[in-house]
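These exercises go through one protein model, and each is followed by a worked solution. Try each task on the structure before reading on.

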Amino acid sequence: MGRRKYRRLLIFLLVIVIFNFFKIIFITDNTIYIINISYMPKTEFITGYQYFNGFFMYKKFDIEKNALLKFNSIGIPYFINLSNEISIKKTENNIFIFYEKNIHRFKIEDFTFKSQIPINIIELTNIIKFLKNIYMTIPKNLLILKTQYKQSFFVPENTIFIRQDDIKNGIFIHELSHYTFGYLIKRKSKNDIWPEIICEAIRLKYLSIYDNNLYNKIISKKEDVPSQTYSQILKYPLLLKKLNTFIFKLKNKYTNSQLSDQDFFEFYSYFERGENN
């Protein structure tokens, strides 16, 4: 009898361990079912207008064209894809992306793009040319997914969730710039804002060349809300005047390393003194 009790206890503990180390995700054409029976099962999920960040052991989400899933607890995800329409992509930091296979594919030079949004080839060619001229690094393969979420965002290392309107207003180039400033050169702290300042400078510089009227409108709005994160670019005028030189020097010093806001402020001050002498 003692051995049987010991065996039952061992099996019970083994079941607990298994449940804590495995997550099961069922995917259909329109729905994701998540079973996450683990300790502190915190999960983030974005699709369409929805954003969920919380704890659950079972949840069902309707997919609106694509979705992003991130587990913030230990465990190995196991996917059962019952859809012929949905592809699954794993990125860094335990992030999983689900997107429709029906997608536009095109090449420009040696870059390959897959996009859920039709993009003007001339406009995309201008973006690539501009970024190359200011010494930016661009991922060779880029996945561009449509979102209705409150903001567009970049998922390392080569996926951009973009709102339809953000293709034309420069935010697409801002998010693409996060491949260099945010991925190749990383933040030391999640609260560091220096990548947003530089990427917004790149966006504004691009608009000043290709859509000067929109550039002036955006600058005017930033002057009305100077405390807003993206308005901080107004404190660093040399980023717009000497953008290519600044990026070249910053990349040479910090590529494949981490940068804090304090590091950025000190680098900018040093750069400013050099340009003013």
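The protein chain has eight helices and 16 strands in its secondary structure; helices (H or I, at least four residues) and strands (E, at least two) are DSSP runs, numbered from the N terminus. This is a predicted model, in which local features need pLDDT of at least 70 and side-chain atom pairs count only at pLDDT 80 or more, while totals for chains, interfaces and linings use all residues. Residues are numbered from 1 along each chain as its sequence is written, and side-chain values use heavy atoms, with hydrogens and water left out.

**Exercise 1. The whole chain**

Find the box that the C-alpha atoms fill, and the share of residues that count as buried.

Solution. Step 1: along the principal axes, the C-alpha atoms of the protein chain fill a box of roughly 85 × 40 × 40 Å. Step 2: buried means under 20% relative accessible area, exposed over 50%, and partly exposed in between (1.4 Å probe, protein chains only). Step 3: of the 277 residues of the protein chain, 46% count as buried.

**Exercise 2. The antiparallel sheet**

Give the strand order of the open sheet that contains S4, and explain what is special about its edges.

Solution. Step 1: strands of a sheet pair through backbone hydrogen bonds, either parallel or antiparallel. Two strands are taken as paired if DSSP finds at least two bridges between them. Step 2: the order of the five strands is S4-S3-S6-S9-S8, with antiparallel pairing. Step 3: strand S4 (50-55) and strand S8 (86-90) each have a single partner strand, so one side of each is left without a neighbour in the sheet. Step 4: from one strand to the next, the twist averages 15°; axes are lines fitted to C-alpha atoms, for helices over the stretch in contact, and angles run from 0 to 180 degrees between N-to-C directions. Step 5: as a detail, S4 is joined to strand S3 (residues 42-47) by six bridges, and threonine 43 stands opposite glycine 54 in S4.

**Exercise 3. The mixed sheet**

Work out the order of the open sheet that contains S14, then describe the pairs within it.

Solution. Step 1: five strands with mixed pairing follow the order S10-S11-S12-S14-S13. Step 2: S10 and S13 are the edge strands, each pairing on one side only. Step 3: neighbouring strands of this sheet are turned by 20° against each other on average, direction ignored.

Step 4: strand S10 (residues 104-108) and strand S11 (residues 111-115) run antiparallel and are joined by five bridges. Lysine 107 has threonine 112 in S11 as its bridge partner, and isoleucine 108 has phenylalanine 111. Two residues lie between the strands of this hairpin, where glutamate 109 takes a positive phi near 55°.

Step 5: strand S12 (residues 141-146) pairs with S14 in the parallel sense over four bridges, and leucine 143 stands opposite threonine 159 in S14. Strand S13 (residues 153-155) pairs with S14 in the antiparallel sense over three bridges, with phenylalanine 153 and phenylalanine 161 as bridge partners. S13 and S14 form a hairpin with three residues between them.

Step 6: strand S14 (residues 159-162) is covered on both faces, with Thr159 and Phe161 buried on one side and Ile160 and Ile162 buried on the other.

**Exercise 4. Tyrosine 149**

Is tyrosine 149 buried or exposed?

Solution. Step 1: tyrosine 149 sits in the loop between S12 and S13. Step 2: its relative accessibility is 11%, so tyrosine 149 counts as buried. Step 3: threonine 47 is 102 residues away from tyrosine 149 in sequence, yet their C-alpha atoms are 7.4 Å apart in space.

**Exercise 5. Helix H4**

Compare the expected span of H4 with the distance between its end C-alpha atoms.

Solution. Step 1: the expected span of a helix is 1.5 Å times one less than its number of residues. Step 2: H4 has 17 residues, so its span should be 24 Å. Step 3: the end C-alpha atoms of H4 are 25 Å apart, which agrees. Step 4: H4 is mostly covered, as 13 of its 17 residues are buried.
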